[in-house]
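This report looks at how side chains of opposite charge pair up, and then at how two helices pack.

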Amino acid sequence: MIREFFTYISESPKLASAKKLGHLAESISLLAREKRCQKAWLPHRTLCKSFITEHLSEAKHYDSVLVLGSGPLHEIPIEALARTFKQVTLVDIVHLKSVKRELTRFTNIKFVEHDISEIESALINGELLRKIPEAFLSQNWGLVLSVNIMSQLPLHLEAYIEKTFKNKFQKEDVETYLQDVTKNHFLYLKSFNAPVLLITDTVTSYYNKQNLVIQTDHNYAHLNLPRPVTEWNWNVAPIPEFQKDVGIKMNVGAFVLKNLPS
């Protein structure tokens, strides 16, 4: 906890929402959580990297690759990307200094701090803005990656609304707004003039100490996702990481969106 505190005060993200909506704190705590759950998360990490590496051939060229939601890069085969593409652009709302230090040996990696949803500033100002993001669409990417970010985009927004605007908006409006965040990210990915590799959790299951499922949430019932190329289970929160008597497992789907004229 003390280490996390000093890491927090030493970081200086460019975007105001990085701190206001809790992204910086979450990025730091994620590193600690990953250490605690390392054994449970290793198969998921390995499968993410394998899927991406095996589908780099989907790229329409190898000049550039865009990674949306790069995070601490534990699920990204960064060496393979740096070796395959002339330019690797990593996009996230926070890039921790420790992550940047680890990649100083690469000369073709660029870090961009950006709100991938493009609506957080509006929310800070009290507006439930709905829009399909536009950043990076005009560039000629060889390949685009969205890795374990789509279902996460609404979470900080929901927490901020609950904390800051608890009685300002109608419940139905907030629910629709949060659903639109994931829908618009998917539409955003389909707007690129480049193939997209999408990895996202699709079903969340809560289980008890007897390993019996007590609740199941289908994350994208409002979306018409294509059939995944492959899928697997991720034991994201082994007991007692989430609660002392409840754990969380996710079904993860890996998709290829061709996005090219037929």
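A residue is called buried under 20% relative accessible area and exposed over 50%, with partly exposed in between. In this predicted model, Glu 79 has a relative accessibility of 43%, and therefore counts as partly exposed. Its salt-bridge partner is Arg 105, with the closest N and O atoms 2.9 Å apart; Arg 105, at 52% relative accessibility, counts as exposed. Because Glu 79 lies in helix H5 (residues 78–84) and Arg 105 in the loop between helix H6 (97–102) and strand S3 (109–113), the pair ties together parts that are 26 residues apart in sequence.

The count of salt bridges comes to nine, and three of the pairs are set out here with their closest N and O atoms.

| Acidic residue | Basic residue | Closest N and O atoms |
|---|---|---|
| Glu 58 | Lys 258 | 2.7 Å |
| Glu 79 | Arg 105 | 2.9 Å |
| Asp 245 | Lys 209 | 3.3 Å |

Glu 58 forms a salt bridge with Lys 258, and this pair links distant parts of the chain, 200 residues apart: Glu 58 is in the loop between helix H4 (38–54) and strand S1 (64–68), whereas Lys 258 is in the segment after strand S8 (247–257). Glu 58 is partly exposed, with a relative accessible area of 22%, and Lys 258 also counts as partly exposed, at 48%.

Asp 245 forms a salt bridge with Lys 209. Asp 245 lies in the loop between strand S7 (230–237) and S8, and Lys 209 in the loop between strand S5 (196–207) and strand S6 (213–218), so the pair ties together parts that are 36 residues apart in sequence. At 36% relative accessibility Asp 245 counts as partly exposed, while Lys 209, with a relative accessible area of 55%, is exposed. Elsewhere, salt bridges with shared partners join Arg 130, Asp 180 and Lys 183 into one network.

The second topic is helix packing. Helix H8 (residues 153–164) and helix H9 (residues 171–190) pack with their axes 9 Å apart and at an angle of about 155°, which means that H8 is roughly antiparallel to H9, since an angle over 145 degrees is counted in that way. The crossing of the two helices, H8 and H9, is right-handed. On the H8 side, the residues in contact are Leu 153, Pro 154, Leu 157, Glu 158 and Ile 161, and they meet Val 174, Tyr 177, Leu 178, Val 181, Thr 182 and His 185 in H9. Sorted by class, the contact of H8 with H9 has eight nonpolar, two polar and one charged residues.

Key
Residues are numbered from 1 along each chain as its sequence is written. This is a predicted model: local features need pLDDT of at least 70, side-chain atom pairs count only at pLDDT 80 or more; totals for chains, interfaces and linings use all residues. Side-chain values use heavy atoms; hydrogens and water are left out. Axes are lines fitted to C-alpha atoms, for helices over the stretch in contact, and angles run from 0 to 180 degrees between N-to-C directions. Helices (H or I, at least four residues) and strands (E, at least two) are DSSP runs, numbered from the N terminus. Angles under 35 degrees count as roughly parallel, over 145 as roughly antiparallel, 65 to 115 as roughly perpendicular and the rest as oblique. A crossing is left-handed if the near helix is turned anticlockwise from the far one by less than a right angle, and right-handed if clockwise. Contact means heavy atoms within 4.5 Å. Ala, Val, Leu, Ile, Met, Phe, Trp, Tyr, Cys and Pro count as nonpolar, Asp, Glu, Lys and Arg as charged, and the others, Gly among them, as polar. A salt bridge is a side-chain nitrogen of Lys or Arg within 4 Å of a carboxyl oxygen of Asp or Glu. Buried means under 20% relative accessible area, exposed over 50%, partly exposed in between (1.4 Å probe, protein chains only).
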